[in-house]
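Hi everyone, thanks for making time. I'd like to walk you through one model today, so have a look at it first and then we'll talk.

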Amino acid sequence: MIKVEKYIVGVDIGGTWIRAAISSMDLREENIKIKTTRTLKEHEYSISNSVILLISELLAEYDISNEEVIGIGLASAGPVDMEKGEVFNNANLGFRVIPLVEPLQDRFPEIPIYLINDGIASVLGIHYFEAEEYEKDNLVYITMSTGFGGGVICNGHLLLGKEGNAAEIGHAIVEPHSDHQCNCGAYGCWEVFSSGTGIKNRALEALETSTLNSKILMFMVDNDPSRITAKEIFQAAKGADKFSKSIIEMSLYYNKIGVGLVNNFYDCRSIYFGGALMKDHGLIIPSLVEQFEKDPLQFTVNHPPNIKVTRYLDDIGVRGALVLVKYKLEGNPVIE
Ligand SMILES: [Zn+2]
């Protein structure tokens, strides 16, 4: 890493992983250094403790002092309360309220800290690192991972909402009479059917009653259903496992509903997808593209968007957290 005068820090807090990055303000590829740790959920402060540790390790590794850091961007799985600096009602982080900004500010008292919903951070990441000029003003990002999240730039402005959760699209209720309860408490949310957690849970339930062949899946987990995750289901579906295919088909149907709603609400030029499930984008994206090319009206009244996968995959959130700090410090009109 080339030594510069000032550095910025970005952090991405997800249901399974926490990523932290340090970079120079110019965000040049060779100056972005990322470090990752598993998300601990022992108590309300487990996450802030991990974040402090990760940042401290990065600073030590690259021989950077606190005084050289001019901003920290925290992107977290939402909902977030930007004013209070905490996460609330999150479906996957384990506690109703998780304080973030205060414990970090105690440790880094002189450094401005900005908290933002991770989906919203990611759309900033796409905006800076990836989107083409014609897409930038009407851009959506959707993360498909343990849970779902989203971020929207509409008419050139980042949508935040009253507390910072303007695009909690994973909790769009796509099946209101469903028996399937989301971790958020509601029934029939989009992520109940299509997120990593949703796909796993739907598969475990369906295994009890399904007559479809699940031999490949069961072989992959040594006949132990408790070892099934979305990863194995995608893998088995790539083979000839009829059971796994049916679970993926179900998730794809709800993706069409969800993406159709997003396009109805935001009239976006392009939607970029990211998150852990995009490791299997070949099983997820083509059905969406085909639907919106051939018969968009079944799911959306607006002209359909371009559908793309971010090339930064797991890193787009932490990159977005860096961009947030850069845009804040530079007064970029997108976030004003
Ligand atoms: Zn929900």
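I'll start with the whole chain, then go to the domains, one sheet and one helix.

Keep in mind as we go that this is a predicted model. Overall, the chain has 10 helices and 13 strands. Its radius of gyration is 20 Å, close to the 20 Å that the globule rule gives for 336 residues, so the chain is as compact as a globular protein of that length. If you put a box around the C-alpha atoms along the principal axes, you get roughly 65 × 45 × 35 Å. Of the 336 residues, 46% are buried. And if you take contacts between residues at least 6 apart in sequence, 67% of them join residues at least 24 apart.

Now, the domains. Domain 1 takes in 7-124 + 315-335, and domain 2 is 134-309. Their centres, taken over C-alpha atoms, are separated by 26 Å. Where they meet, 25 residues of domain 1 are in contact with 25 residues of domain 2. So which elements supply the side of domain 1 that touches domain 2? Strand E5 (80-81), E8 and H3 each put in at least two residues, and H3 gives the most, with seven.

Okay, on to the sheet. We have five strands in an open sheet, ordered E3-E2-E1-E4-E8, with mixed pairing. E3 (33-38) and E8 (113-117) are at the edges with a single partner strand each, so one side of each has no neighbour in the sheet. From one strand to the next, the twist averages 15°. Look at E8 for a second: strand E4, residues 69-76, pairs with E8 in the parallel sense, over five bridges. Leu 74 stands opposite Leu 115 in E8, if you want a spot to zoom in on. There's also a helix to look at here: H1, residues 46-61, lies across E1 (7-13), E2 (17-24) and E3, and runs at about 35° to E2.

Last stop, back to H3. Is H3 mostly covered or mostly open? Mostly covered: 10 of its 12 residues are buried. Among them are Asp 118, Ile 120, Val 123, Leu 124 and His 127. The length works out as well: at 1.5 Å a residue, the 12 residues of H3 (118-129) should span 16 Å, and the end C-alpha atoms are 16 Å apart, which agrees.

So if you open the model later, H3 is a good place to begin. That's it from me.

Technical notes
Residues are numbered from 1 along each chain as its sequence is written. This is a predicted model: local features need pLDDT of at least 70, side-chain atom pairs count only at pLDDT 80 or more; totals for chains, interfaces and linings use all residues. Helices (H or I, at least four residues) and strands (E, at least two) are DSSP runs, numbered from the N terminus. The expected span of a helix is 1.5 Å times one less than its number of residues. A residue is buried if 20 or more other C-beta atoms lie within 10 Å of its own, exposed if 12 or fewer, and partly exposed in between; C-beta atoms are placed from the backbone. Two strands pair if DSSP finds at least two bridges between them. Axes are lines fitted to C-alpha atoms, for helices over the stretch in contact, and angles run from 0 to 180 degrees between N-to-C directions. Two residues are in contact if their C-beta atoms, placed from the backbone, lie within 7 Å. The radius of gyration is taken over C-alpha atoms; the globule rule is 2.2 Å times the number of residues to the power 0.38. Domain bounds come from an automatic or database domain assignment.
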